[in-house]
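User: Please take a close look at the charged side-chain pairs in this model. Which parts of the chain do they join, and what surrounds them?

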Amino acid sequence: MMLVHWGNTNTKHEKSTTAYWADNWDDIPLDRRGNHPCFDPRKDLVLPAWKEPNPGAIWLKLWARPRINRTTLFYFNGNLGPAYEEGRREDTYSMGIRQKLAAEFGSTPNKQGKLGRQHTANVTVTYLKSEMYYEELASSIFCGVLPGDGWSGRMEDSMLQGCIPVIIQDGIFLPYENVLNYNSFAVRIQEDDIPNLIGVLQGMNETQIDFMLGNVRQIWQRFFYRDTMLLEAERQKKLFTEEEAAWSVEVSKLEEGDDVFATFIQVLHYKLYNDPWRQGLLQEKETGLPSICSKAS
């Protein structure tokens, strides 16, 4: 089993999916790198990226912000490619996905002074860095999960701020996606359907949205390295003032919940007891995974 941050099955993007030349394996002969996917969902597992906690976000409990306070329909903030100031020049950056999103829904003018073809007031797609980034995520119903140079932390940003993830990256698995039922708390849009993105989101009724937001609130800590951070928090309390270690103080106040490591152990149990060779043994095992979001339910 491989533990990775980038669940790339190479099913659509057959070439290397990084814009960093040193990491690009396209020119390496097959007999040297092997003809196999980078990630096999039958055995491998994607783990969440490490995100340093924002003290204010934890103190305000942004993951629990109710639907009524989420006024932005869709939100994405990040590098949007060469059409924008300070944008990455490589065509391979984000496999062109961020660029397509911006061309349709860009809410900030590009270098030519143009907005996206379908820009609208309650959709934010911008390259402008914001000091209120976490607050803006928590003020949104849906948040974009798109690649950068391969994996990025956008899934974790969405979950930790209680926003429904909208995944746009074909053939690429997100954390626990081969175990958890992502349909219960996330939306997946095919890359070719980017022009229809807002129509799809507007077509979801309030019952569906409330159901998904509730599931995000239920499992957000599974995308958060809480217990590891608590150990670091104890160390920092001995070294720094309370003001210098503000994040550690707020993390220590969180209610207990299954975090990344606890979920990893539960997934190992799940995979062990659901392996085909065990099916005839009629063994049942309570793994601890959330039933409403489990593929087995």
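Analyst: **Surface, fold and charged pairs**

The accessible surface of the protein comes to about 15600 Å², and carbon and sulfur atoms hold 51% of that area. The model is a predicted one. The protein has 10 helices and 9 strands. Its C-alpha atoms fill a box of roughly 60 × 55 × 45 Å along the principal axes. The radius of gyration is 20 Å, which agrees with the value near 19 Å that a compact globule of 297 residues would have. Buried residues make up 49% of the 297. Among contacts with a separation of 6 or more, 69% join residues 24 or more positions apart.

Now the charged pairs. Side chains of opposite charge can pair when their charged atoms come close. The whole structure holds 14 salt bridges. Three of them are taken in turn here, with their surroundings.

Start with Glu 191 and Lys 12. Their closest N and O atoms are 3.2 Å apart, in a salt bridge. Glu 191 sits in the loop between strand S9 (187-188) and helix H6 (197-202), and Lys 12 in the loop between S2 and helix H1 (30-33), so the pair ties together parts 179 residues apart in sequence. The two partners differ in cover. Glu 191 has 2% relative accessibility and counts as buried. Lys 12, at 35%, counts as partly exposed. The pair also belongs to a network: salt bridges link Lys 12, Asp 170, Glu 191 and Asp 192.

The strand before the Lys 12 loop deserves a look too. Asn 8 lies in strand S2 (residues 7-8). Its relative accessibility is 3%, so Asn 8 counts as buried. A polar atom of the Asn 8 side chain lies 3.0 Å from the backbone nitrogen of Asn 10. Beyond four places in sequence, Asn 8 touches Thr 17, Pro 37, Cys 38, Phe 39, Gly 171 and Ile 172.

Next, Glu 135 and Arg 65. These side chains meet in a salt bridge at 2.8 Å, N to O. The pair links distant parts of the chain, 70 residues apart: Glu 135 is in helix H4 (residues 133-138), while Arg 65 is in the loop between helix H2 (55-59) and strand S4 (72-77). Here the acid is partly exposed, with 24% relative accessibility for Glu 135. The base is buried, with 16% for Arg 65.

Another arginine merits a stop, this time for its polar contact. Arg 154 is found in helix H5. Its relative accessible area is 15%; the cut-off for buried is under 20%, so Arg 154 counts as buried. The Arg 154 side chain reaches the backbone oxygen of Asn 77 at 2.4 Å. Arg 154 also touches Phe 76, Gly 78, Arg 98, Tyr 133, Gly 144, Val 145 and Leu 146, among residues over four places away in sequence. Val 249 lies elsewhere: its C-alpha atom is 25 Å from that of Arg 154, and 95 residues separate the two along the chain.

The third pair is Arg 222 and Asp 258. Their side chains meet in a salt bridge at 3.1 Å, N to O. Arg 222 lies in the loop between helix H7 (206-219) and helix H8 (226-239), and Asp 258 in the loop between helix H9 (246-252) and helix H10 (260-273), so parts 36 residues apart in sequence are tied together. Arg 222 counts as buried at 6% relative accessibility. Asp 258 counts as partly exposed at 33%.

What lies beside Arg 222? Tyr 176 touches Arg 222. The other contacts of Tyr 176, over four places away in sequence, include Leu 45, Val 46, Leu 47, Pro 48, Tyr 182, Phe 223, Val 260, Thr 263 and Val 267.

That leads to the nonpolar interior. In soluble globular proteins, nonpolar side chains tend to be buried together. The largest nonpolar core has 32 residues, and Met 155, Met 159, Tyr 176, Tyr 182, Phe 185, Phe 223 and Phe 224 touch the most other members. Helix H5 (154-160), H7, H9 and H10 are the elements that give two or more residues to this core. H10 gives the most, with 4 residues. Another core lies apart from it, with 30 residues, among them Val 123, Val 125, Val 166 and Ile 198.

How values were computed. Residues are numbered from 1 along each chain as its sequence is written. This is a predicted model: local features need pLDDT of at least 70, side-chain atom pairs count only at pLDDT 80 or more; totals for chains, interfaces and linings use all residues. Side-chain values use heavy atoms; hydrogens and water are left out. Buried means under 20% relative accessible area, exposed over 50%, partly exposed in between (1.4 Å probe, protein chains only). A polar contact is a pair of N or O atoms within 3.5 Å; within protein, one must be able to donate a hydrogen and the other to accept it, and residues adjacent in sequence count only if both atoms are side-chain atoms. Contact means heavy atoms within 4.5 Å. A salt bridge is a side-chain nitrogen of Lys or Arg within 4 Å of a carboxyl oxygen of Asp or Glu. A nonpolar core is a set of buried Ala, Val, Leu, Ile, Met, Phe, Trp, Tyr and Cys residues joined through side-chain atoms within 4.5 Å. The radius of gyration is taken over C-alpha atoms; the globule rule is 2.2 Å times the number of residues to the power 0.38. Accessible areas come from the Shrake-Rupley method with a 1.4 Å probe; for residues, only the protein chains shown count as cover.
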